[in-house]
Structure formats: structure tokens, C-alpha cells
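Please open the model in a viewer and keep the sequence panel visible. The stops below proceed by selection, each followed by a description of what is found there.

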Amino acid sequence: MEKRINLTLTAPYHTYGNLTTSTKTIIVAFHGYGQLAKYFIRKFDFLDDSKYYVIAPQGLSKFYVKNHTR
């Protein structure tokens, strides 16, 4: 039997670029298993930050971070 629970939580996200009227494209980028958004967002630094705005939400499960090496 399926049941539901209501949760209130907050989670970090990282961004690249400047969201302005000149922004042409907004990208929501999801990192993979074993990654952290603060490092993943760096993969987008080749984009023109005046035209692109990238949002990388942090995954909610960080069980893999403990004793993890990059």
C-alpha cells in the first residue's frame, strides 16, 4: 500500500553565468553518481557567461561522499 509523507527541506545548488536580460539560454544540469554540484558546475566554464546561465542542483543523497576521493 502506497502512503505519502510531506517533507520540507532545503538543498544547495550552484550556478554559472549571470542571469540578465542578455541571457539567451538557461541550462539545468544534473550531475552523476559520485559527483558534487560545486565541482560539476566548473565543466560549463567554457560557455559565454553573458549568454548562458547554468543551474546545477546538488543531489540529495550524499552517502557516497564519505571517504570518497576525486
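**A tour from the central pairing outwards**

Begin by selecting strand β2 (residues 25-28) together with β3: these two pair in the parallel sense over four bridges. Strands pair here if DSSP finds at least two bridges between them. Strands are DSSP runs of E with at least two residues, helices are runs of H or I with at least four, and both are numbered from the N terminus. The model is a predicted one, in which local features need pLDDT of at least 70 and side-chain atom pairs count only at pLDDT 80 or more, while totals for chains, interfaces and linings use all residues. Residues are numbered from 1 along each chain as its sequence is written, and side-chain values use heavy atoms, with hydrogens and water left out.

Within this parallel pair, select I26; its bridge partner in β3 is Y53.

**The other side of β3**

Next, add strand β1 (residues 13-16), which pairs with β3 (residues 52-57) in the antiparallel sense over four bridges. Here T15 has I55 of β3 as its bridge partner.

With the three strands displayed, the open sheet can be read in the order β1-β3-β2, with mixed pairing. The edge strands are β1 and β2, each of which pairs on one side only. From one strand to the next, the twist averages 15 degrees, where axes are lines fitted to C-alpha atoms (for helices over the stretch in contact) and angles run from 0 to 180 degrees between N-to-C directions.

Now show the whole chain: it has one helix and three strands, and the elements run β-β-α-β from the N terminus on.

**From Y13 to Q58**

Select Y13, in strand β1. Is Y13 buried or exposed? Y13 counts as exposed because its relative accessibility is 54%; the classes are buried under 20% relative accessible area, exposed over 50% and partly exposed in between (1.4 Å probe, protein chains only). Measuring C-alpha to C-alpha in the viewer should place Y13 and A56 5.5 Å apart, although they are 43 residues apart in sequence. Leaving aside residues up to four places away in sequence, Y13 touches I55, A56, P57 and Q58; contact means heavy atoms within 4.5 Å.

Move on to Q58, in the segment after β3. Q58 counts as buried because its relative accessibility is 8%. Its side chain makes a polar contact with the side chain of H31 at 3.4 Å. Such a contact is a pair of N or O atoms within 3.5 Å; within protein, one must be able to donate a hydrogen and the other to accept it, and residues adjacent in sequence count only if both atoms are side-chain atoms.

**The nonpolar core**

Finally, select Y16, A29, A37, F40, I41, F44, L47, V54 and A56, the nine residues of the largest nonpolar core. Helix α1 (37-40) and β3 each supply at least two residues of this core. A nonpolar core is a set of buried Ala, Val, Leu, Ile, Met, Phe, Trp, Tyr and Cys residues joined through side-chain atoms within 4.5 Å.

Centre the view on A56, whose contacts, not counting residues up to four places away in sequence, are Y13, H14, A29, A37, F40 and I41.
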